[in-house]
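Here are a few warm-up exercises to work through with the model open in your viewer. Try each task before you read its solution.

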Amino acid sequence: MQLELELNGQQRTFEAEKSDVLLDVLRRNGYTGPKRGCDTGACGMCTVQIDGEPAMSCVTPAAKVAGSTVETIEGLGTQSDLHPLQQAFVDNSALQCGFCIPGMIMRSKALLESNPDPTETEVREALADNLCRCTGYKKIVEAVLDAADRMDGEQTVAADGGENRCEEFPSTCPRVEGNRSQ
């Protein structure tokens, strides 16, 4: 079957089987940001946005998204021009193995679009369906709160890759003695 949708701002047509889930179609066509983690919708690693709402692409039938607007991590920014949310994850060292991060960022984007000034509790609740096996979520939550500030215009994206962050927040700087394990 032909699957027509808007993907990352562009009209696209893909070949799909009736039994395909959205994750299969995306990955088969080079969109490797959404990851295959559980195939049951339990881990959040495959999270994308469908018509502005976060969705687990591993359990979303491809046919269901025909005519929809789908956004993956590939649609957010580029290597040289990261989205403020992506940059906040980098600047806050909220990445370890990176496998869960595309899903975390897409879920966080949906949160910040609906609630531009979330509390820490609201961030934790929004990310509850996204699992990370490497961290205790502290850095991820800090990154989302930082991104909320950046996207609200209170803080600019660090053009220096976060180098000046060490001056503003020395306790989170990996270059400060004693902070290397954070």
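**Exercise 1. Place Tyr137 in this predicted model: which loop holds Tyr137, and which residues does Tyr137 contact beyond its neighbours within four places in sequence?**

Solution.
- Step 1: Start with the location. Tyr137 sits in the loop between helix 4 (120-126) and helix 5.
- Step 2: Check the solvent side. With a relative accessible area of 22%, Tyr137 is partly exposed, because the buried class is kept for values under 20%.
- Step 3: List the partners. Setting aside neighbours within four places in sequence, Tyr137 touches Met104, Arg124, Asn130, Leu131 and Cys132.
- Step 4: Add a distance for one of these. Arg124 is 13 residues from Tyr137 along the chain, and their C-alpha atoms are separated by 8.3 Å.

**Exercise 2. Work out the overall layout: how many helices and strands does the protein have?**

Solution.
- Step 1: Count the elements. You should get six helices and five strands.
- Step 2: Put them in sequence order. The pattern reads β-β-α-β-β-β-α-α-α-α-α.
- Step 3: Look at burial. Of the 182 residues in the protein, 42% are buried.
- Step 4: Look at contact range. Take the contacts between residues at least 6 apart in sequence; 52% of them join residues at least 24 apart.

**Exercise 3. Describe how helix 2 packs on helix 3: at roughly what angle do their axes cross?**

Solution.
- Step 1: Recall what to look for. Two packed helices are described by the angle between their axes and the distance between the axes.
- Step 2: Read off both. The axes of helix 2 (residues 84-91) and helix 3 (residues 101-114) come within 10 Å and cross at roughly 125°. That makes helix 2 oblique to helix 3.
- Step 3: Get the handedness. This crossing of helix 2 and helix 3 is right-handed.
- Step 4: Find the residues that meet. Helix 2 brings Leu85, Gln86 and Phe89, while helix 3 brings Ile101, Met104, Ile105, Ser108, Lys109 and Leu112. Sorted by type, the residues of this contact come to six nonpolar, two polar and one charged.

**Exercise 4. Is helix 2 largely enclosed or largely open?**

Solution.
- Step 1: Tally the burial. Six of the eight residues of helix 2 are buried, so helix 2 is largely enclosed by the rest of the structure.
- Step 2: Name them. They are Leu85, Gln86, Gln87, Ala88, Phe89 and Asp91.
- Step 3: See what comes after. Helix 2 is followed by Ser93, whose phi is positive, near 55°. Ser93 lies in the loop between helix 2 and helix 3 and is partly exposed, at 35% relative accessibility.
- Step 4: Look at Asn8 too. Phi of Asn8 is also positive, near 50°, in a residue other than glycine. Asn8 belongs to the loop between strand 1 (2-7) and strand 2 (10-15), and a relative accessible area of 23% makes Asn8 partly exposed.

**Exercise 5. Which residues have the most contacts inside the largest nonpolar core?**

Solution.
- Step 1: Keep the general trend in mind. In soluble globular proteins, nonpolar side chains tend to be buried together.
- Step 2: Pick out the hubs. The largest nonpolar core has 24 residues, and Phe89, Met104, Ile105, Ile140 and Val144 have the most contacts inside it. The elements giving two or more residues to this core are helix 2, helix 3 and helix 5 (138-151).
- Step 3: Zoom in on one hub. Not counting residues up to four places away in sequence, Val144 touches Leu85, Phe89, Ser108, Leu111, Leu112, Val123 and Leu127.
- Step 4: Don't stop there. Another core, of 15 residues, lies apart from the largest one, and its members include Leu22, Val25, Leu26 and Val48.

Note on methods:
Residues are numbered from 1 along each chain as its sequence is written. This is a predicted model: local features need pLDDT of at least 70, side-chain atom pairs count only at pLDDT 80 or more; totals for chains, interfaces and linings use all residues. Side-chain values use heavy atoms; hydrogens and water are left out. Axes are lines fitted to C-alpha atoms, for helices over the stretch in contact, and angles run from 0 to 180 degrees between N-to-C directions. Helices (H or I, at least four residues) and strands (E, at least two) are DSSP runs, numbered from the N terminus. Angles under 35 degrees count as roughly parallel, over 145 as roughly antiparallel, 65 to 115 as roughly perpendicular and the rest as oblique. A crossing is left-handed if the near helix is turned anticlockwise from the far one by less than a right angle, and right-handed if clockwise. Contact means heavy atoms within 4.5 Å. Ala, Val, Leu, Ile, Met, Phe, Trp, Tyr, Cys and Pro count as nonpolar, Asp, Glu, Lys and Arg as charged, and the others, Gly among them, as polar. Buried means under 20% relative accessible area, exposed over 50%, partly exposed in between (1.4 Å probe, protein chains only). A nonpolar core is a set of buried Ala, Val, Leu, Ile, Met, Phe, Trp, Tyr and Cys residues joined through side-chain atoms within 4.5 Å.
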